[in-house]
Amino acid sequence: AQLPDLVIVGAGLFGLTIAERCAEELGLRVLILERRHHLGGNAYSERDPETNVEVHKYGAHLFHTSNERVWEYANRFTSFTDYRHRVFGKYQGQVYSLPMNLALINQFFGKSHTPDEARALIAEQSSEIATEDASNLEEKAISLIGRPLYEAFIKGYTAKQWQTDPTELSADIITRLPVRYTFQNGWFSDTYEGLPVDGYTAWLTRMADHPNIEVRLETDFFEVADDYKGKVPIVYTGPVDEYFGNSEGRLSWRTVDLEESVVDTDDFQGTGVVNYNDQDVPYTRIIEFKHFHPEREKTHLPGKSVIVHEYSRFAEEGDEPYYPVNTADDRAKLIKYRELAKAEPMVLFGGRLGTYKYLDMHMAIGSALSMYDNKLKPHFTEGAELT
Ligand code: FDA
């Protein structure tokens with residue numbers, strides 16, 4: 001069979017962006033290899049067949065960006081709703097508005113505070129420990145927001161996220177813990193925000209809908225690598241350690257177990273995301289997907305709702321890698337993998353798995369556009385070397 005001009009491993013947002021640009025702008029014949037049964041990577045979603053509610057299969061995905069170019073690019077394939085993300089947090093039988101803000105402070109301390117009064121209160125409570133003296137995550141958090149807010153809103157949640165007591169976690173996991181001295185409770189503070197009007201999968205499918213792009217699903221690159229390695233340029237967006245046979249050891253990740261259920265109520269929690277801050281509640285969050293699309297209310301089956309309980313833990317072999325743990329040991333391995341990657345002829349590594357970095361969707365698109373501009377386009381139009 002004839003070789004394509006470019007092979008892309010992984011049909012996530014990074015791979016799709018590269019494929020679309022190379023096919024549309026350079027006229028290249030692009031082959032995408034994807035080992036899952038669907039394209040879209042972790043942004044993939046499906047309508048639940050019973051309720052017709054769109055479910056994000058790899059965890060809740062909310063699109064937001066302040067990058068004009070990424071926003072303009074994404075809008076070529078989908079329009080976005082005016083959804084604004086808000087998060088609430090449960091603690092000891094009360095529900096608070098997150099991120100930490102004046103409403104939360106007033107409710108938690110049972111008294112109204114002006115912004116200045118609240119600032120003074122938190123300054124006093126956080127003076128217990130100097131930030132530069134903090135030797136673990138707990139001390140760092142107390143030095144930033146004081147002990148009462150730390151114990152209610154950070155301690156239990158963090159312990160569940162990491163399955164580790166915060167006194168055993170490194171102080172540099174957190175750099176800041178923003179407290180807003182206003183009632184503003186939008187979760188993101190980007191210029192643009194919204195959800196794809198007809199769903200993630202429609203958006204992602206349109207990106208690959210080009211006569212020059214072939215998507216081969218349920219195909220693991222490693223089973224066909226010999227057909228392409230060294231013969232055509234490859235953009236690899238799978239795990240970097242796996243590419244090199246874990247020669248430097250495995251990089252560590254956290255994963256999330258997502259337990260999906262259909263409940264017999266029209267409205268389970270009144271909003272899309274509720275965090276559970278109490279340590280004795282085993283899950284970290286409950287997502288109720290219908291609230292992401294209030295404009296679709298009439299299309300949802302009445303009397304039912306789809307919810308997902310999220311449980312966070314360290315990933316083992318075979319688990320979905322979601323968040324890089326990024327210990328000192330991981331960073332040392334990553335340096336070695338980066339050297340190997342640089343020396344690998346005709347292969348570029350990208351995306352969240354290929355670079356071992358948590359990337360939001362807009363960052364995955366943005367970094368793919370940069371790789372296209374800086375490496376692929378110069379290679380295919382001017383013969384520049386691919387490194
Ligand atoms: P992605 O992981 O999507 O795609 C990589 C693809 O490569 C996968 O489909 C995989 O199957 C395939 N692959 C790997 N190895 C292969 C092989 N050997 N052969 C063939 N195929 C292979 N972002 C945001 O902006 N807002 C949000 O709310 C969220 N929420 C969120 C929740 C959770 C739980 C996670 C883990 C992540 C988010 N994100 C997010 C981030 C978002 O998921 C991320 O930006 C994109 O998935 C990045 O796209 P990539 O293409 O880099 O990777």
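These are my notebook entries on a predicted model of a protein with a ligand.

**Entry 1: confidence**

I began with the scores. The protein has a mean pLDDT of 96, and 100% of its residues reach 70 or more. For the complex, the predictor gives an ipTM of 0.99 and a pTM of 0.96.

**Entry 2: around the ligand**

Next I looked up the ligand's surroundings. I found 32 residues around the ligand, of which E34, H61, L62, L359 and M361 come nearest. I sorted the shell by residue type: 17 are nonpolar, nine are polar and six are charged.

Which helices supply at least two residues of the shell each? I noted α1 (13-26), α8 (221-228), α11 (351-355) and α12 (361-382). Of these, α11 gives the most to the shell, with three residues.

Then I went through some polar contacts. One nitrogen atom of the ligand sits 2.9 Å from a polar backbone atom of A60. A ligand nitrogen is also 3.2 Å from an N or O atom in the side chain of Y358. On the oxygen side, an oxygen atom of the ligand lies 2.8 Å from a backbone N or O atom of M361. How much of the ligand's surface does the protein bury? Taken alone, the ligand exposes 1,000 Å², and the protein buries 97% of that.

**Entry 3: helix α3 and its ends**

I moved on to helix α3, which covers residues 102-109. Its buried residues are L102, L104, I105 and N106. Their cover includes β7 (94-98), α4 (115-126) and α6 (147-162).

Both ends gave me something to write down. At the start of α3, a side-chain oxygen of N101 comes within 2.9 Å of the backbone nitrogen of A103. After the helix comes G110, with a positive phi near 65°.

Just ahead of α3, I checked the loop that runs from β7 to this helix, where P99 lies. A cis peptide bond joins L98 and P99, with omega at about -15°.

**Entry 4: two residues inside**

I looked up T17 in helix α1. Is T17 buried or exposed? Its relative accessible area is 0%, so T17 counts as buried. Leaving out residues up to four places away in sequence, T17 touches Y73, M207, I365, A368 and L369.

My other pick was N275, in strand β12 (residues 273-276). N275 has a relative accessible area of 8%; the cut-off for buried is under 20%, so N275 is buried. Beyond its neighbours within four places in sequence, N275 is in contact with V87, F88, G89, K90, L98, Y157, T284 and R285. I recognised L98 from the cis bond to P99.

**Entry 5: loops**

Last, I visited three loop residues. D82 is in the loop between α2 (68-74) and β6 (87-91). At 65% relative accessible area, D82 is exposed. I also looked at D82 and P196, which are 114 residues apart along the chain; their C-alpha atoms are separated by 9.6 Å.

E218 sits in the loop between β9 (213-216) and α8. This residue is not a glycine, yet its phi is positive, near 50°. E218 is exposed, with a relative accessible area of 62%.

N246 belongs to the loop between α9 (240-243) and β11 (253-263). Here too I found a positive phi outside glycine, about 55°. With 22% relative accessibility, N246 counts as partly exposed.

How values were computed: Residues are numbered from 1 along each chain as its sequence is written. This is a predicted model: local features need pLDDT of at least 70, side-chain atom pairs count only at pLDDT 80 or more; totals for chains, interfaces and linings use all residues. Side-chain values use heavy atoms; hydrogens and water are left out. pLDDT is the predictor's confidence in each residue, from 0 to 100. A residue is near a molecule or strand if one of its heavy atoms lies within 4 Å of it. A polar contact is a pair of N or O atoms within 3.5 Å; within protein, one must be able to donate a hydrogen and the other to accept it, and residues adjacent in sequence count only if both atoms are side-chain atoms. Accessible areas come from the Shrake-Rupley method with a 1.4 Å probe; for residues, only the protein chains shown count as cover. Helices (H or I, at least four residues) and strands (E, at least two) are DSSP runs, numbered from the N terminus. Ala, Val, Leu, Ile, Met, Phe, Trp, Tyr, Cys and Pro count as nonpolar, Asp, Glu, Lys and Arg as charged, and the others, Gly among them, as polar. Buried means under 20% relative accessible area, exposed over 50%, partly exposed in between (1.4 Å probe, protein chains only). Contact means heavy atoms within 4.5 Å.
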